[in-house]
Amino acid sequence: MRWLIRRVLKQGKGAVSYEEDVHFGEVLSIGRAADQAIFLSDIRAALNHARVTAISPGNYKVESLILAGIRVNGALTYAANVGAGATVEIASTRITLLDPPRDFEAAVEISALDKTEQEAAKARRAKPTSLKQTWLGKRLPSWFAFVAVLLFGLLLPLASHFVPPLGRLLAHTGLPTTASWNPGPLDAAHRFFGDDCKQCHAKPFLTVRDTACTHCHTRMAAHADPAHFNLPQLGEARCASCHQDHLGLAGMVNTGQQLCSGCHADLKTRTAGASQLEAATDFGKAHPEFRLRLPAWDASGQFTPQLTRLTPQLKENSGLKFDHALHLKPGLNSPGGRRDLHCASCHQPDAGGLAMKPVAFESMCHDCHTLGFDTFAPDRQVPHAKVAEVVYMLDDYYAKRALEGGYTETSAPGFVQQRRRPGEASLSPQQTIEALSWARDKSRQVADSLFTGRACVTCHTVTRDAAAANTPGAGWKIAPVRVAGIWYAEAKFTHAKHSTMQCKDCHQADTSTSAGDLLIPGIANCRQCHAGESGGSKVASTCIACHRYHQAENLLLKQL
Amino acid sequence: MNARHESILNHARSRWLWFSLALSLTCLIAYAWHSPSVPPNGGTWLGYTLGTIAGLLILWLMLFGLRKRSYSGSSSLRGWLSAHIYLGTTLILIALLHAGFQVGWNLHTFFLILMLLVIFSGFFGVYCYLRYPTLMTRNRDSATRSAMLEEIAELDQNALALADGIDPKVHSIVLRSIQNTRLGGGVLTQLRARDDSDAALAGIRAALEAREKNNQAAGGAKSGQTIFAMVDFLASGTNDRQAEALRKLIDLLSRKKALASKVARDIQYQALMEIWLYFHVPLSFATVAGLIAHVVSVFFYW
């Protein structure tokens, strides 16, 4: 087999000349040994470095004879089948395999790599030695991170605000919607519509309007009439000034006392005299004595409680005569035997626990204070609290007894005392008239004694119309009674919340001998346990603990 | 002359440390003094104030990237970096006070986490900047990397010349060793400092053990085997002149390995000093996007 070996000789200034040689043999050996077909003088070449076998014209097999392998077409290999045009680089020599020209079966071209080529090859093979040369970058990841956060954090939620169907789609796929902006859990009552931010945040970049609140809270009362009290800022206060949501179960009611004390420090001057409320800025330190609703009645008997500042000398008029101390004595003599009475025997909390139920004669007094009127009929009693009924009932009772006969009282006529048997002749018309006349007198006499001596007057103040003063059984009047009720209407006091206390801790009933004693405690009593916002060791009680803000009676919030 | 070495941390008598401490203390006092009627959050007046400070701080911290590239600034870059570090650290406190320490499953907390990631990656950067330059100088031993690389190339040539005088087999082994010397590479290779020096020592040990088990364990491109092969050759009994040359060759290769190891370590230190920036910078841009999203969303649903 004939090999053409062409050496490229560079002669400076780009001039090139060729030197051709012929080699006979199947294999072309390359190396630094003297017997090699292609002799390389470079120290980096091994003695027997590589060999090339011509498989067919234009096809060669290149084999490395050293452990390190050789570089064929730039890649390290131990053996490779290549076509014409392939290059083998050994040290500073490049061997190019050629298509054999005429008369040859194989051909190679040998050229020396010049310095720039060697440098380039070296640089090509050099591995990166700093991170800048690797795939790592900062610019692209920065852009990517910036755009990704902006897209998922802002743009998608924004889109879900403006295109609700898209919002539902995003929520369904778990992508961020405006819900991802929620800074904190909503108040429990607002959660059922909490997915829809627009329910409250109606207009972008505007604070939540009051209309968003009053849309549902339609009956919410205002605080006071800004026009009447010369306080325009009262109308300008937003719901959100006090009620902030997204604070979770902490609730939305702002209990800070500065919300109230800001105005209630000098309300008289602020309202130009329209309000006469005393300054109240801290329950423990600056709060006037309570005003209570003292029972009173107008001329027509209508209950018109008088708002009166509490003083130690103040007496009340409940309309009753009652001695608390007497009733609280142990071992009271009663029709049913000895009995001990307690506060709860008469004062029982209402179902809500707020106040006490009205005292009921039938269930509380009647056991001892019976309303019997006739020793011949100890079971019969007059009705309570119905003045007219008393007289009617007595009339009926004595008429019946007179006509039946057998009423053995000595003042009665003989035929009334006489018991009649069945079938016996009834009274004559004259006797009937007499009997009924007696019955009438008797009933009126009994009525008068009930009202003035025996029953009513024990507890009640009984008066008589002057016009009816000479008519027996007529014109009696019982003074109106108010025992239990709301004493402090401007504040909310709940008995149920104070059930750990004893009654006598606040109400000095055991030493009270007169119903006129006002057993309702004042502020000093409350201050034993309660103080203002910075309460120290006492119960910290801000304004809202007792008072309501939304308390206007005739003005709704949405009317402002 | 100030004899004390000035680092990024104590620049200008730690001016920025004191400034940051004062800022932190002011914010803490304001936070402690402030008693809003609702739980502390970004929506109170102090919350808005702290939020504004924190937002402006983030933007100012981002400006460091610009300042680093401009060479016209009147203030020193070291001063800027010192302020960047201290004010960046202060940002953690201000941001937490702004949020009233409230976190949730929402964009705002995500933004907080992003910001914290940026700051903590920065902490790693500070650690690198304080630690590695010294190690680098010590490692280079007053040479430069290119000088070391040139010396390696020279040693390679000399080793080949020596090996050639001994035996073709040795020459081939040395040649392979040259080809297998790896300096630099991908990100992980640079960070791990995978070089031939450690592998050579370990390789000898491993090869010795392997030889006990398997007499003629072949293959692999472990450069450690270069030395092992030569020791083998030495032991196989050649003439004195060759043995002498072989000893020289081993010296040369050991020297080369020491150098290669230094270069690899040099590359590693440099990579470690740079790698955190590839997190710090993109994350900081994500944080700016987070800031925009946070502010816009908060006021969008005011």
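Domain bounds here come from an automatic or database domain assignment. The model is predicted.

**Exercise 1. Find the domains of chain A and state how far apart their C-alpha centres lie.**

Step 1. Take the bounds. Domain 1 of chain A runs over 2-127, and domain 2 over 374-478.

Step 2. Locate the two C-alpha centres. They lie 151 Å apart.

**Exercise 2. Work out the strand order of the open sheet in chain A, and explain what its edges lack.**

Step 1. Read across the sheet. Its 7 strands follow the order β2-β1-β12-β11-β10-β7-β8, with mixed pairing.

Step 2. Look at the edges. β2 (16-24) and β8 (75-77) of chain A each have a single partner strand, so one side of each has no neighbour in the sheet.

Step 3. Check the turn. Neighbouring strands of this sheet are turned by 30 degrees against each other on average, direction ignored.

Step 4. Zoom in on one pair. Strand β1 (residues 2-10) of chain A runs antiparallel to β2(A), and 9 bridges join them. A:Trp3 has A:His23 as its bridge partner in β2(A).

**Exercise 3. Decide whether A:Arg270 is buried, exposed or partly exposed, and describe its surroundings.**

Step 1. Place the residue. A:Arg270 sits in helix α8 (residues 267-270) of chain A.

Step 2. Apply the cut-offs. A residue is buried with 20 or more other C-beta atoms within 10 Å, and exposed with 12 or fewer. A:Arg270 has 18 C-beta neighbours inside 10 Å, so it counts as partly exposed.

Step 3. List its contacts. Leaving out residues up to four places away in sequence, A:Arg270 touches A:Leu231 and A:Cys263.

Step 4. Compare with a distant residue. A:Val27 is 243 residues from A:Arg270 in sequence, and their C-alpha atoms are 116 Å apart.

**Exercise 4. Locate the annotated transmembrane regions of both chains and check their secondary structure.**

Step 1. Start with chain A. An unreviewed UniProt entry annotates residues 140-159 of chain A as "transmembrane region". That span is 100% helix and 0% strand, with its end C-alpha atoms 26 Å apart.

Step 2. Go on to chain B. The UniProt annotation, again from an unreviewed entry, covers residues 16-33, 45-66, 78-101, 107-130 and 275-301.

Step 3. Test two of these spans. Residues 16-33 of chain B are 100% helix and 0% strand, and the end C-alpha atoms are 25 Å apart. Residues 78-101 of chain B are 92% helix and 0% strand, and their ends are 33 Å apart, C-alpha to C-alpha.

**Exercise 5. Describe how the two domains of chain B meet.**

Step 1. Set the bounds. Domain 1 of chain B combines 11-141 with 275-300, while domain 2 covers 145-274.

Step 2. Count the contact. It involves 9 residues of domain 1 and 9 residues of domain 2.

Step 3. Find the main contributor. On the domain 1 side, helix α4 (residues 107-140) of chain B gives the most, with 7 residues.

Step 4. Sort that side by class. It has 7 nonpolar, 1 polar and 1 charged residues.

**Exercise 6. Describe the side of chain B that touches chain A.**

Step 1. Count both sides. Chain B brings 49 residues and chain A 41.

Step 2. Name the helices. α4, α5 (145-166), α6 (168-180), α7 (187-192), α10 (240-275) and α11 (277-300) of chain B each supply at least two residues.

Step 3. Pick the top one. α11(B) gives the most, with 16 residues.

Step 4. Sort by class. The chain B side divides into 29 nonpolar, 16 polar and 4 charged residues.

Notes
Residues are numbered from 1 along each chain as its sequence is written. Chains are lettered from A and ligands numbered from 1 in the order in which they are written. This is a predicted model: local features need pLDDT of at least 70, side-chain atom pairs count only at pLDDT 80 or more; totals for chains, interfaces and linings use all residues. UniProt positions are given in the numbering used here, feature names are shortened, and annotations may be inferred rather than shown by experiment. Helices (H or I, at least four residues) and strands (E, at least two) are DSSP runs, numbered from the N terminus. Two residues are in contact if their C-beta atoms, placed from the backbone, lie within 7 Å. Ala, Val, Leu, Ile, Met, Phe, Trp, Tyr, Cys and Pro count as nonpolar, Asp, Glu, Lys and Arg as charged, and the others, Gly among them, as polar. Two strands pair if DSSP finds at least two bridges between them. Axes are lines fitted to C-alpha atoms, for helices over the stretch in contact, and angles run from 0 to 180 degrees between N-to-C directions.
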